[in-house]
Amino acid sequence: MSSLILIILFAALGILLGYVAIRFKVEGDPLVDKIDAVLPQTQCGQCNFPGCRPYAQAIANGEADINQCPPGGEAGIAALADLLGVDPKPLNEENGVEKATMVAVIDEETCIGCKLCIQACPVDAILGAPKHMHTVIEAECTGCELCLPPCPVECITMEPVTQTLTLWQWDKPDASPQKKGAS
Amino acid sequence: MQFLTSNAPFIEPQNSIQKMMLWVLIALTPGIAAMVWQFGYGVLANIIICVTTALTAEAVMLRLRGRPLRPFLSDLSAVVTAVLLALALPTLAPWWLPFIGALIAIVMAKHLYGGLGYNPFNPAMIAFAILIVSFPKSMTVWVLPQSLLPTGTSFLDVFTPLTDQQAKKALIDAITAATPLDEMKTQLNLNKTVEEIRTSAVFGNLAGQGWQWVSIAYLIGGLVLMYKKIITWHIPAGLLLGLFIISFIFYLIEPSIKPSPLFHLLSGGAILGAFFIATDPVTAAASLKGRFIYGLLIGMLTYIIRTWGGYPEGIAFAVILINMAVPLIDHYTPPRVYGHK
Amino acid sequence: MKLWRFNGGLPSLAEHKNESVHLPIETAPVPKQLIYPLGQHIGSPAKPLVKVGDKVLRGQKIANAQGVISAPIHAGSSGTVVSIADHLIPHPSGFSALSITIQTDGHDNSIEPKPQPDFRQLPATELVQLIRDAGLVGLGGAAFPTAVKLNTQNKVTPIDTLILNGAECEPYISCDDRLLKERAHQVIEGIEILLYITGAKRAILAVEDNIPDTFTSIQQAVAQNGNGAVCAVQIPTIYPTGGEKQLIQTLTGKEVPSGNIPADIGIVSTNVGTVYAVQQAIIEGKPLTSRIITVTGEGVKKPHNLEVRIGTPINALIDVCQGYTKHADRLIMGGPMMGFALLNDEIPIVKATNCILVASQQEVITEKQAMPCIRCGLCASACPVSLMPQQLYWHSQSDQLEKAEKLNLFDCIECGCCDVVCPSHIPLVQHFRYAKSALKVQKHEKHLSNVARERFEAREKRIAQEKAERAERARKKKAALQKKPAKEEIEAAVSRSKAKKTSLEEED
């Protein structure tokens, strides 16, 4: 008698699970979307993947580690660690170091209008046409540096972003005598 | 003209940790004086041993951890921990008891967790708990109150070097006895009624002889602390109310085998705990609502341990156990912010 | 009148009003240069109307408002525009920003004022436009464009209470006090204008109870004016009772819901200095070109309450106060609780400046040694917004900024009460400012990366589309080739080339 009850119970639960799996199925891979939302979208390829989404996919599949992204920096690694429930680790310095946001600037005297940099930019931040002046739209440039290698006359340099009043930040105060060596 | 810049507010801070700790020590003096009057100078010896050990241990730990000595030693937090521990220990405890206790409190319960501000458990109570579990016999050598000492003896006799071990033992036997709480618990287990037990000499009109005055002295100190706004009324009121309510309920149900609320309030470490131990800011709850609940829970748990637990005094374990619940209490008792429902 | 009490605050904060409260308002001389940073109000910076070399008169508009939340700027005296360039601005960042500099010519000629003494003849919207054109912003320190604040005609909740903030709660500052003592009649006229514009049923002018003489003057002025809707009230002196939200709670018991403005609960609150400026703008017809400030502290020889032209460099005011003493250690714009320290005295006075505090080392504390937080909870008891600064501190310090935001970090008014009571001397306000600005930048970066992602995906789509089109064309071509027999194509091509060849030979 009890085994009959158990069989019926398990069957009912099984049907319920099947129903839920079909009714609440989510298209696509939400984890990849969540990881992609954390990544900085520089599309620079320093992580050895062709863009942020492929890297996100690789992390979700367990093929890549969370510490490969220099533009995301320590904050990005911490956010990924939090999302995936793993321990954060230091940035893999082989891919690059975390540095202040830079933007590309084209030296217009030297530019020959070859449009190789326009083709290289992953976010279409360079304005121009063949045999016409090229210029970088500062607001759209993510600092990925993918335009530097293709330029045949090496006229592109990276400059720090101009500081604006609206984006100025207060400094973080010290945590004083708790730090080692302070006296 | 050029100027250096710094950040607002530019006003001298009104308080300091040192000032707060100093007031706690001042508020403890009536209680210490009452202890000396009733139970002799043993408590002073305990205090001296505890404070010296605590400060030395703190200095060593700060050095080991690479922290600056001056600000942390001069804030007197180690001194307060040491004094509270010393007051909780029996007055005739052997010297190594306060010594080990202070070491445990400062090294284990405070610095191993990160030092000032980072310890989750009350250091003095951790030390007390470890001592009472590890050295149960030494922790129960309580002196009789002054009114009950056998005629012809005085406290100073303890300090006379008695090479005759027999005589020493006889002296100690003569002047020590169980505390009122201990006596109550033991006799209840032997199926006596409360009334019968109360006739014993160790009990006074309100609670234990001698102990009731010590508790009242601590109460005066605690009220001074509240007046100076070093502590708020929430934790003491919560603790005493919790203890009162639960003891009152059981007293009403079975007055013959449950002592009265007044006895509970004035015995053992209830007043000391309410005003000085549970109010340790680092280990207490954060918001005022939370603090009241924190006090309430400690009061109730103290009664439970005293009545049904294995030890006659429950304050230490109650404080430690409710310290564990503080993050939960904090989560559920945030204050209502202006402009939010 | 019934009063309520907000949580916390500092009832025993040393007021330091005696240094300046008895000093009558004196007019500061017009300086040689007037400097106008274009972004000296909340909202978009103004856009210059003049160019270098233009001659201007006092009261002439030199920069126009940009967008709804903005305000125009007017010249403080007659002279010539000598530069429109970056100049050090009064901001804790120490940045420079675009500013108009005027070299004054000493004549101090003004444009013709356009008084409207009979303001009730005009509709409220027109008065609001006049206020906007006069460049009025909140003179209590926030510099919010007054015309935007008074634009309450389309609000869901009608305005029923007008609050006039005369509660100068920061230590040292006494400019509003002197204004109320000396120019109460103009202030009351200004209140009447505001009552008319907002349609409020009552106006409450609040001052702290540590200036009883001023209260008596105000009461007399209110009685003389006779408008039953205006009443003056004394409130307990507790810092920061002059904060808009705390004042509203004290006077009405209502709380402004988080993220909303007082107009959403039917209240408009303005500083008394702003009200005076409204009266000057409407009844006297003069745009905002000057304001009253207190210059005080042990670092100046003689403290003063001065009516200064906006744009005056601070060193000109120090000269009026007979110069620095040898104790001058910090130059603070604002009060000691919420002001900020300036790098040098060439920085100009802006509309939001209400005090210049030249402090000595005895008066202000410049360095604090922070100890770990002992979780004493004094900060929460002092917080007028009932926040938990302790928790906000733990999260800001460990860079868990989202948690701090969830605990209502952005409701913090940065009053400094928690900072002053903390026994561990932790610079709490600094931590919260850092956390707020870091969160703002984080949100901005998130927005940028979202835009970058969209651009990247759009580019990928475009490239894929181009590829697909190319493949489609190639496929069509291939299919077309296979349809026709190749032989006919070749014969047609051969005959075409033959014809071309013969025509070329004929041309030669």
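The following questions and answers concern helix contacts, sheets, domains and a chain interface in a predicted model.

Q: Why is H1(C) called oblique to H4(C)?
A: The axes of helix H1 (residues 124-133) of chain C and helix H4 (residues 184-198) of chain C come within 9 Å and cross at roughly 130 degrees. Angles over 145 degrees count as roughly antiparallel and those of 65 to 115 degrees as roughly perpendicular, with the rest, beyond the roughly parallel range under 35 degrees, being oblique. The crossing angle therefore makes H1(C) oblique to H4(C). The handedness of this crossing is left-handed.

Q: Which residues make the contact of H1(C) and H4(C), and what is its make-up by class?
A: H1(C) contributes C:Ala124, C:Leu127 and C:Val128, and H4(C) contributes C:Ile193, C:Tyr196 and C:Ile197. Ala, Leu, Val, Ile and Tyr are among the residue types that count as nonpolar. The contact accordingly has six nonpolar, no polar and no charged residues.

Q: Why is H11(B) called roughly antiparallel to H13(B)?
A: Helix H11 (residues 234-253) of chain B and helix H13 (residues 270-277) of chain B have axes that come within 8 Å and cross at roughly 155 degrees. Angles over 145 degrees count as roughly antiparallel. H11(B) is therefore roughly antiparallel to H13(B). The crossing of H11(B) and H13(B) is right-handed.

Q: What makes one residue polar in the contact of H11(B) with H13(B)?
A: On the H11(B) side stand B:Pro236, B:Leu239, B:Leu240 and B:Leu243, and they meet B:Ala270, B:Gly273, B:Ala274 and B:Phe275 of H13(B). Gly counts as polar, whereas Pro, Leu, Ala and Phe count as nonpolar. The contact thus has seven nonpolar, one polar and no charged residues.

Q: What makes E11(C) and E12(C) edge strands?
A: An open sheet of four strands in chain C has the order E11-E10-E9-E12, with parallel pairing. Strand E11 (230-235) and strand E12 (267-271) of chain C each pair on one side only, and they are the edge strands. Neighbouring strands of this sheet are turned by 25 degrees against each other on average, direction ignored.

Q: How do you know that E10(C) and E11(C) pair?
A: Strands pair if at least two bridges are found between them. Strand E10 (residues 202-208) of chain C and E11(C) are joined in the parallel sense over six bridges. One bridge partner in E11(C) is C:Gln234, which stands opposite C:Val207.

Q: Where does H4(C) lie with respect to these strands?
A: H4(C) lies across strand E9 (161-165), E10, E11 and E12 of chain C, and runs at about 150 degrees to E9(C).

Q: How do you know that E4(C) and E7(C) pair, and in which sense?
A: The requirement is at least two bridges. Strand E4 (residues 55-56) of chain C and strand E7 (residues 79-88) of chain C have two bridges, in the antiparallel sense. C:Val56 has C:Gly79 in E7(C) as its bridge partner.

Q: How many bridges join E7(C) to E8(C)?
A: Nine bridges join E7(C) to strand E8 (residues 96-104) of chain C, and the two run antiparallel. In E8(C), C:Ala97 is the bridge partner of C:His87.

Q: What makes up the side of domain 1 of chain B that touches domain 2 of chain B?
A: Chain B is assigned domain 1 (17-140) and domain 2 (180-332), and their C-alpha centres lie 21 Å apart. The contact joins 27 residues of domain 1 of chain B to 26 residues of domain 2 of chain B. Elements giving two or more residues to the domain 1 side are helix H1 (17-39), helix H4 (77-88) and helix H6 (123-134) of chain B. H1(B) gives the most, with twelve residues. By class, this side has 21 nonpolar, six polar and no charged residues.

Q: What is the make-up by class of the side of domain 1 of chain A that touches domain 2 of chain A?
A: Chain A is assigned domain 1 (30-95) and domain 2 (100-162), with 25 Å between their C-alpha centres. Six residues of domain 1 of chain A are in contact with seven residues of domain 2 of chain A. The domain 1 side has one nonpolar, five polar and no charged residues.

Q: How many residues does each chain give to the contact of chain C with chain B, and which classes are found on the chain C side?
A: Chain C gives 53 residues and chain B gives 34 residues. Elements with two or more residues on the chain C side include helix H10 (389-397) and helix H13 (428-483) of chain C. That side has 31 nonpolar, 14 polar and eight charged residues.

Definitions and conventions: Residues numbered from 1 in each chain as written. Chains lettered and ligands numbered in written order. Predicted model: local features only at pLDDT ≥ 70, side-chain atom pairs only at ≥ 80, totals over all residues. Axes fitted to C-alpha atoms, helices over the stretch in contact; angles between N-to-C directions. Left-handed = near helix turned anticlockwise from the far one by under 90°. Contact = placed C-beta atoms within 7 Å. Domains from an automatic or database assignment.
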